[in-house]
Amino acid sequence: MDVLSQCQQGIYYFTQGWKIMSKKGLRHFVILPILINILLLVSIFYFAMQQLNDQINHLIALLPSWLAWLSVILYWLAVGLILLVYYFIFNTLSGFLASPFNGLLSEKVEQMLTGETVEDEGYLAMLKDIPRTLKREWQKIYYALPKIILLFLLGFVPFVGVFVVPVLIFLFTAWSQSVQYCDYPFDNHKISFQAMKKALSQYKMMNLTFGILVMIATFIPFVNFLIIPAAICGATNMWVEQYRKQFIH
């Protein structure tokens with residue numbers, strides 16, 4: 001697949017996620033991730049709005065008077081860095097709290113797309129898998145946290161912090177979204193985190209495009225309440241059509 005085809009595929013799987021999510025047989029499994037998402041978004045948004053202005057003003061106050069002209073640029077840089085922190089917190093919390101339900105939704109989507117029938121243990125199987133799914137969420141944190149810290153520190157480097165870091169933040173956050181949601185079907189088949197990352201790297205632009213659209217949707221009011229199940233459905237569709245044959249024989 002060339003770059004353009006990969007971008008088109010990323011868009012396709014994002015839009016397919018919304019279509020799949022609305023199918024009648026999945027609605028029961030979609031509701032809980034949506035409720036958890038709403039609760040987290042409202043709580044974190046309330047906390048972020050309380051803290052955001054104070055933290056930004058504090059950062060700008062540290063500037064010497066001769067650099068006052070940089071305050072506007074640093075203001076928006078500070079906004080981006082602080083939002084990145086809260087975005088990371090949101091993804092971490094939603095991953096831990098909703099991961100068992102997200103994995104179950106991905107499993108049901110895969111069954112629907114492949115037509116395969118397996119013994120349906122439902123929520124009982126989900127409860128048994130909680131320790132494994134939580135361990136997987138820790139792996140995602142270990143993968144992302146060092147890079148988040150590095151980007152945060154680079155934000156204070158002259159020139160690099162203003163012109164380069166925002167682009168890197170955007171790209172890494174988008175990629176992380178693809179890793180976050182594509183991991184559920186891989187994890188359901190007990191495929192290692194390292195093998196999953198290697199598989200995603202085969203189609204970098206497809207996954208990056210998918211992640212960009214998911215990230216943008218996360219910041220759109222009301223759409224962000226629904227993005228988690230939609231992203232899971234789209235990522236599972238991607239797994240079925242692009243990766244499943246490599247791992248399931």
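**Entry 1: Phe186**

Leaving aside its neighbours within four places in sequence, which residues is Phe186 in contact with? Taking contact to mean heavy atoms within 4.5 Å, I find that Phe186 touches Arg136, Ile191, Met196, Ala199, Leu200, Trp239, Tyr243 and Phe247. I note for all entries that this is a predicted model, in which local features need pLDDT of at least 70 and side-chain atom pairs count only at pLDDT 80 or more, while totals for chains, interfaces and linings use all residues. Residues are numbered from 1 along each chain as its sequence is written, and side-chain values use heavy atoms, with hydrogens and water left out.

**Entry 2: the chain as a whole**

I looked up the secondary structure, where helices (H or I, at least four residues) and strands (E, at least two) are DSSP runs numbered from the N terminus, and the protein chain has 9 helices and 0 strands. Of its 249 residues, 46% count as buried, with buried meaning under 20% relative accessible area, exposed over 50% and partly exposed in between (1.4 Å probe, protein chains only). Among contacts with a separation of 6 or more, 83% are between residues 24 or more positions apart.

**Entry 3: the nonpolar core**

I then turned to the largest nonpolar core, a set of buried Ala, Val, Leu, Ile, Met, Phe, Trp, Tyr and Cys residues joined through side-chain atoms within 4.5 Å. This core has 49 residues, and those with the most contacts inside it are Tyr181, Phe186, Leu200, Phe210 and Tyr243. At least two residues each come from helix H1 (3-21), helix H2 (27-61), H3, H5, H6, helix H7 (193-200), H8 and helix H9 (223-247), and H9 gives the most, with 11 residues.

**Entry 4: helix H8**

How many of the 15 residues of H8 are buried? I count 11, so the helix is mostly covered; among them are Met206, Leu208, Phe210, Ile212 and Val214. I also checked the length of H8 (residues 204-218): the expected span, 1.5 Å times one less than the number of residues, is 21 Å, and the end C-alpha atoms are 21 Å apart, which agrees.

**Entry 5: Asp183 and the second largest cavity**

Asp183 is found in helix H6 (residues 160-188), and it counts as buried because its relative accessibility is 1%. Apart from neighbours within four places in sequence, Asp183 is in contact with Arg136, Lys140, Ser178, Phe193 and Met196.

On a 1 Å grid over the protein atoms alone, a cavity is a set of points where a 1.4 Å probe fits but cannot get out, and lining residues have an atom within 4 Å of a point. I find 2 cavities of 30 Å³ or more, and the second largest holds about 50 Å³ of space. Its lining consists of Ser99, Gly103, Thr133, Arg136, Glu137, Lys140, Asp183, Tyr184, Asp187 and Asn188. Helix H3 (71-114), helix H5 (130-154) and H6 each give two or more residues to this lining. I sort the lining residues into 1 nonpolar, 4 polar and 5 charged, where Ala, Val, Leu, Ile, Met, Phe, Trp, Tyr, Cys and Pro count as nonpolar, Asp, Glu, Lys and Arg as charged, and the others, Gly among them, as polar.

**Entry 6: two pairs far apart in sequence**

Leu226, which is found in helix H9, is partly exposed with a relative accessible area of 31%. Its C-alpha lies 8.5 Å from that of Ile38, although the two are 188 residues apart in sequence. Thr15 is placed in helix H1 and, at 33% relative accessibility, counts as partly exposed. The C-alpha atoms of Thr15 and Ala230 are separated by 8.5 Å, with their positions 215 residues apart along the chain.

How values were computed: On a 1 Å grid over the protein atoms alone, a cavity is a set of points where a 1.4 Å probe fits but cannot get out, and a pocket is an open set with protein on both sides within 12 Å along at least five of seven lines; lining residues have an atom within 4 Å of a point. Grid points are joined across faces, edges and corners, and a volume is the space filled by probe spheres set on the points.
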